[in-house]
Amino acid sequence: MSNPGHTIGSDTIARTVILALALLNQILAIAGHETIAFTDNDIYQLVSLCWTIGASLVAWWKNNSFTCIACEADEWRRARLEQKKEDGQSDEQSKG
């Protein structure tokens with residue numbers, strides 16, 4: 001079940017990213033490969049990149065209407081959904 005009021009904090013994301021990097025670094029060291037040398041600025045840039053990717057995906061996924069035609073289509077869609085909802089209620093009332 002999802003909780004719409006629940007949000008993941010930025011501190012949780014930052015700790016998760018740092019943990020993932022530490023695990024990757026450990027795996028590379030055990031395998032005998034060169035480890036990742038990263039600074040605080042590198043971590044900042046990685047977290048910033050993750051936030052940018054996340055925001056981009058949310059913006060892409062959502063229906064963001066910028067043109068007049070798109071706004072009109074949104075209104076038409078809302079009216080159509082409302083009409084279907086009213087038709088469904090009318091059918092239920094006539095059956096009862």
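Biologist: How many disulfides does the structure hold?

Modeller: It holds 0. To count as a disulfide, a pair of cysteine sulfur atoms has to lie within 2.5 Å.

Biologist: What makes the sulfurs of cysteine 68 and cysteine 71 fail as a bond?

Modeller: The closest cysteine sulfur to that of cysteine 68 is in cysteine 71, and it sits 6.5 Å away, so that's too far for a bond.

Biologist: Before we go on, what sort of model is this, and how were residues picked?

Modeller: It's a predicted model, where local features need pLDDT of at least 70 and side-chain atom pairs count only at pLDDT 80 or more, while totals for chains, interfaces and linings use all residues. Residues are numbered from 1 along each chain as its sequence is written, and side-chain values use heavy atoms, with hydrogens and water left out.

Biologist: And what is the mean pLDDT of the chain?

Modeller: It's 82, with 86% of the residues at 70 or more; pLDDT is the predictor's confidence in each residue, from 0 to 100. Among the elements, H1 has the highest mean, 86, and helix H3 (residues 68–95) the lowest, 84. Where pLDDT is low, don't read the predicted coordinates in detail.

Biologist: Back to the cysteines: why is cysteine 68 called exposed?

Modeller: Buried means under 20% relative accessible area, exposed over 50%, and partly exposed in between (1.4 Å probe, protein chains only). Cysteine 68 has 62%, so it's exposed. Cysteine 71, at 35%, counts as partly exposed.

Biologist: What about asparagine 25, buried or exposed?

Modeller: Its relative accessible area is 19%, so asparagine 25 is buried. Of the 96 residues in the chain, 6% count as buried.

Biologist: Which residues is asparagine 25 in contact with, leaving aside neighbours within four places in sequence?

Modeller: Thr35, Ile36 and Phe38, where contact means heavy atoms within 4.5 Å. Asparagine 25 and threonine 35 are 10 residues apart in sequence, yet their C-alphas are 5.4 Å apart in space.

Biologist: How many helices and strands does the chain have?

Modeller: There are 3 helices and 0 strands. They come from DSSP runs, numbered from the N terminus: helices are H or I with at least four residues, strands are E with at least two.

Biologist: How do you know what span to expect of H1?

Modeller: The expected span is 1.5 Å times one less than the number of residues. H1 (residues 10–30) has 21 residues and reaches 30 Å from its first C-alpha to its last, close to the 30 Å expected.

Biologist: Which residues of H1 are buried, and what puts them where they are?

Modeller: Val17, Leu21 and Asn25 are the buried ones. They cover an arc of only 70° around the axis, so they sit on the same side of H1; the arc is that of the directions from the helix axis to the C-beta atoms. Helix H2 (40–61) is part of what covers them. The face turned away from the buried side carries exposed Arg15, Leu19, Ile27 and Ile30.
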